[in-house]
Amino acid sequence: MNGRLPRPGSFGSAPLLPLEAEGAGRWACGASAVHTYLLRSPAARPAGEDGPGQLRSDIQIAMATGRKLMRAIRVFEFGGPEVLKLQSDVAVPIPKENQVLIRVHACGVNPVETYIRSGTYSRKPTLPYTPGTDVAGVIEAVGEGVTAFQKGDRVFTSSTISGGYAEYAVASDDTVFSLPDQLDFKQGAAIGIPYFTAYRALFHRAHAKPGESVLVHGASGGVGLAACQIARAYGLKVLGTAGTEEGRSIVSGNGAHEVFNHRETNYIDKIKASVGEKGVNVIIEMLSNVNLSNDLSLLSYGGRVIVVGSRGPVEINPRDTMVKESSIIGTALFSSTKEDIRGSAAALQAGMETGWLKPVVGPQYPLEKAAQAHESIIHSNGASGKMILLL
Ligand SMILES: NC(=O)c1ccc[n+]([C@@H]2O[C@H](COP(=O)([O-])OP(=O)(O)OC[C@H]3O[C@@H](n4cnc5c(N)ncnc54)[C@H](OP(=O)(O)O)[C@@H]3O)[C@@H](O)[C@H]2O)c1
């Protein structure tokens with residue numbers, strides 16, 4: 001419900017009531033208190049907007065508060081990529097206690113954002129919402145209690161509160177990290193989900209050790225390239241797969257000792273020939289519904305396959321885990337504790353300082369092409385780094 005300003009005091013036949021500002025009493029404009037109005041008509045309200053029975057226009061909010069408006073993608077209903085609507089009259093969010101407001105320069109596009117948008121994912125945001133998690137930009141303002149950041153700092157996030165497909169985003173200060181000068185904003189937008197997921201998969205879930213081998217099954221995308229760089233930096237032998245020549249060349253330039261083509265019919269035999277009888281210690285799996293059965297045949301004694309991505313069911317023979325006492329382990333970045341995130345962030349920050357963490361930016365889209373970005377991340381001809389939106 002953006003851009004429609006009801007006449008104060010009336011809206012059709014429904015009564016209008018004053019709105020209390022978010023946690024801070026009435027909004028004020030200059031010296032005078034200004035009443036903004038709520039429409040108590042659930043039928044006229046897009047599902048979930050501002051809680052039960054409330055509807056308000058961002059233009060109203062902006063007029064009443066002097067708040068700036070911004071461009072942002074809004075989703076009013078779950079569905080295909082076409083439900084990603086570019087709006088130019090969305091109120092810039094205000095950072096609350098322990099939150100920061102970031103002027104977004106780039107935002108990562110992740111497959112999970114397409115699952116959430118379609119309404120088929122286990123976690124559903126309240127409608128309407130703005131997608132996007134991994135932003136990079138500059139601190140515009142800080143809320144009460146924020147001591148680690150100040151206006152003008154270059155940062156990236158591992159999460160946002162208000163959504164990253166927008167010119168401004170609010171994030172909790174414990175999900176915001178300094179972006180060193182040697183990385184640009186595009187690279188900053190490629191760190192959040194990919195590197196934190198790859199680090200979690202390798203160390204929190206697989207407990208990978210230096211000297212072990214890892215197969216990054218699907219290494220040419222955001223998470224895969226991050227996993228290759230991290231595993232190489234920590235002393236693992238790294239094998240990667242990609243579906244295109246360009247993808248394989250990028251994987252080989254980002255930490256993999258050996259690269260295989262997962263579109264070739266006999267590539268599993270080639271991996272077996274390379275790792276020999278002992279097998280591979282860890283597999284970071286991006287497409288488990290296709291590869292899990294083969295993965296079990298590739299693992300070493302005590303080997304671990306980490307399910308990072310899966311887009312459907314798969315049949316396996318559990319017997320394949322018995323003699324080798326191997327494990328199939330799931331992972332979800334969303335299940336990380338604050339302590340997990342702090343630990344990963346410290347390791348990744350060291351990678352930025354010493355130079356092994358170098359995000360590879362792939363396809364880039366302007367904000368208004370967000371729907372096209374969603375279409376192409378799922379129906380990609382071949383990944384070549386992290387997809388991002390530019391603002
Ligand atoms: N569990 C979590 O917390 C978590 C977090 C982040 C992401 N994910 C999931 O992890 C997956 C990868 O994410 P992403 O951001 O890296 O996506 P992405 O950038 O789109 O990359 C997709 C990767 O999958 C590869 N792939 C395609 N066909 C494959 C096959 N048959 N076997 C193995 N790999 C294949 C692609 O290789 P080519 O294009 O070269 O063929 C590419 O490397 C997605 O399913 C995503 O939803 C999970």
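Reader: What counts as a pocket here, and where does the space taken by the ligand rank?

Author: A pocket is an open set of grid points with protein on both sides within 12 Å along at least five of seven lines. The model is predicted. By that definition, the space taken by the ligand is a pocket, and its rank is second largest.

Reader: How many residues surround the ligand, and which are the closest?

Author: The shell around the ligand holds 27 residues. Elements giving two or more residues to this shell are α2 (111–118), α4 (192–205) and α5 (222–233). The closest residues are Tyr115, Ser220, His262, Leu333 and Ala383.

Reader: Which residue places a polar side-chain atom by a nitrogen atom of the ligand, and how much of the ligand's accessible area does the protein cover?

Author: Serine 220 has a polar side-chain atom 2.7 Å from an oxygen atom of the ligand. Valine 223 uses a backbone N or O atom, 3.0 Å from a ligand oxygen atom. For the nitrogen atom, the residue is asparagine 291, at 2.9 Å. Of the 920 Å² that the ligand has on its own, the protein covers 86%.

Reader: Which peptide bond is cis, the one from leucine 127 to proline 128, and where is proline 128?

Author: The bond from leucine 127 to proline 128 has omega near -10 degrees, so it is cis. Proline 128 is in the loop between α2 and β8 (135–142).

Reader: Over which residues is the pLDDT below 50?

Author: The protein chain averages a pLDDT of 87, and 83% of the residues score at least 70. Where pLDDT is low, the predicted coordinates should not be read in detail. The stretch with pLDDT below 50 is residues 1–55.

Terms used
Residues numbered from 1 in each chain as written. Predicted model: local features only at pLDDT ≥ 70, side-chain atom pairs only at ≥ 80, totals over all residues. Heavy atoms only, no water. pLDDT = per-residue confidence, 0-100. Contact = heavy atoms within 4.5 Å. Near = heavy atom within 4 Å. Polar contact = N/O pair within 3.5 Å; in protein donor to acceptor, adjacent residues only side chain to side chain. Areas by Shrake-Rupley, 256 points an atom, 1.4 Å probe, with all protein chains shown as cover. 1 Å grid on protein atoms, 1.4 Å probe; cavity = no way out; pocket = protein on both sides within 12 Å on 5 of 7 lines; lining within 4 Å. Sits in = over half its atoms within 2 Å of the grid points. Helix = DSSP H or I, 4+ residues; strand = E, 2+ residues; numbered from the N terminus.
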